[in-house]
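Q: I would like to learn how to read a sheet, its helices and its ring pairs from coordinates. Can we work through one case?

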Amino acid sequence: MAHEPLTQEEVLLEGFLALDTPEGFRAELIEGEIVVTPPPDGDHEDYIGLIVNQVIRCSETDMQFSGNKGLKLRSGGACPKDHVVPDGTFAPLERRLYRGAESWMPCEGVAMVLEVTSTKPKADREVKRRCYARAGIPLYLLVDRDTAQITLFSEPKQDDYREHCARPFGKPIALPEPFAFSLDTTDLV
């Protein structure tokens with residue numbers, strides 16, 4: 001029985017899903033490119049921990065957090081779906097979004113994603129921003145260690161966010177509903 005030949009996009013997606021990355025490394029499929037990232041350094045994890053602690057303590061809506069959740073996102077053009085692992089994914093606790101989810105889950109219901117720049121800051125600043133906006137994720141919080149600032153992107157439309165607010169480390173940044181509090185960035189300095 002003859003089989004339909006696989007498209008280039010299907011071959012790429014199958015190859016990506018079959019990857020066996022070394023422990024601690026993270027593989028993502030972003031805009032048709034396989035990206036493998038080494039384990040993060042301690043400062044990277046410290047920033048994430050500081051933000052997560054505040055979100056859990058201060059959010060108006062109880063939040064659930066995942067630091068390893070694979071998200072399937074709409075892609076642009078003929079690329080297969082983007083498969084991205086944000087440094088942090090927040091969703092309202094009442095939704096129990098992660099319960100029963102597969103390794104790569106749809107992003108519907110995610111309230112905010114968090115990225116802290118590391119070895120490929122341009123990917124976090126540009127490529128992932130486009131991916132998250134295209135997928136309709138309401139908020140994208142970027143901690144940029146190179147520029148010592150934190151940026152909140154909001155109001156996704158097509159391939160970008162229509163609004164953004166950047167603050168230097170040490171200045172608070174307002175997180176809108178469902179978080180509804182000002183994130184203190186003093187400890188990021």
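The dialogue below takes the sheet, then the helices, then single residues and ring pairs in this predicted model.

Q: Where do I start with the sheet, and in what order do its strands lie?
A: Start with the pairing, since two strands count as paired when DSSP finds at least two bridges between them. Here six strands make an open sheet, ordered β3-β6-β8-β9-β10-β11, with mixed pairing.

Q: Which strands stand at the edges?
A: The edges are held by β3 (63-66) and β11 (160-168). Each has a single partner strand, so one side of each is left without a neighbour in the sheet. From one strand to the next, the twist averages 20°.

Q: In which sense do β8 and β9 pair, and over how many bridges?
A: Strand β8 (residues 112-116) runs parallel to β9, and five bridges join the two. For the register, Met-112 is opposite Leu-139 in β9. Between the two strands the chain passes through helix α3 (residues 121-134), and this β-α-β crossover is right-handed.

Q: What about β9 and β10: how many bridges join them?
A: Six bridges connect β9 with strand β10 (residues 149-157), and the two run antiparallel. To fix the register, take bridge partners: Leu-141 is matched with Leu-152 in β10, and Val-143 stands opposite Ile-150 in β10. The two strands form a hairpin with four residues between them. In the turn, Ala-148 has a positive phi of about 55°.

Q: How many residues of β9 are buried?
A: The cut-off for buried is under 20% relative accessible area. Strand β9 (residues 139-144) is mostly covered, with six of its six residues buried. To see how the cover is arranged, split the strand by side: Leu-139, Leu-141 and Val-143 are on one, Tyr-140, Leu-142 and Asp-144 are on the other, and both faces are covered.

Q: Now the helices. Which strands does α2 lie across?
A: A helix is placed against a sheet by its contacts and by the angle between directions. Helix α2 (residues 42-58) lies across β3, β6 (88-92), β8, β9 and β10, and runs at about 155° to β8.

Q: And which strands does α3 touch?
A: Helix α3 packs on the sheet and touches β8, β9, β10 and β11. The angle between its direction and that of β9 is about 170°.

Q: Next, single residues. Is Asp-82 buried or exposed?
A: Compare the relative accessible area with the cut-off of under 20% for buried. Asp-82 has a value of 0%, so it is buried. Asp-82 belongs to strand β5 (residues 82-84).

Q: What lies 2.6 Å from a polar atom of the Asp-82 side chain?
A: The backbone nitrogen of Glu-31 is at that distance. Beyond four places in sequence, Asp-82 touches a set of residues including Leu-29, Ile-30, Gly-32, Arg-74, Cys-131 and Arg-134.

Q: Which residues is Ile-173 in contact with, beyond four places in sequence?
A: Ile-173 is found in strand β12, and its relative accessible area of 0% makes it buried. Among its contacts are Ile-150, Thr-151, Leu-152, Cys-165, Arg-167 and Phe-181. For one of these, Thr-151, the C-alpha separation from Ile-173 is 8.1 Å, with their positions 22 residues apart along the chain.

Q: Last, the rings. How many aromatic pairs does a search of the whole structure find?
A: The search finds seven. In the pair of Tyr-47 and Phe-169 the ring centres are 5.7 Å apart and the planes lie at 55°, so the pair is tilted. Tyr-47 is in helix α2 and Phe-169 in the loop between β11 and β12 (173-175), 122 residues apart. Tyr-47 is buried at 13% relative accessibility, and Phe-169 is also buried, at 13%.

Q: Is the pair of Tyr-140 and Phe-153 stacked or tilted?
A: Planes under 30 degrees apart count as stacked. The planes of Tyr-140 and Phe-153 are at 20° and the centres 5.5 Å apart, so this pair is stacked. Tyr-140 sits in strand β9 and Phe-153 in strand β10. Tyr-140 is buried at 0% relative accessibility, and Phe-153 is buried at 9%. Ring pairs also link Tyr-132, Tyr-140, Phe-153 and Tyr-161 into a cluster.

Key:
Residues numbered from 1 in each chain as written. Predicted model: local features only at pLDDT ≥ 70, side-chain atom pairs only at ≥ 80, totals over all residues. Heavy atoms only, no water. Buried < 20%, exposed > 50% of the residue type's maximum accessible area, 1.4 Å probe, protein only. Right-handed = clockwise from strand over helix to strand, strands pointing away. Axes fitted to C-alpha atoms, helices over the stretch in contact; angles between N-to-C directions. Contact = heavy atoms within 4.5 Å. Polar contact = N/O pair within 3.5 Å; in protein donor to acceptor, adjacent residues only side chain to side chain. Phe/Tyr/Trp six-rings, centres within 6.5 Å; stacked < 30°, edge-to-face > 60°.
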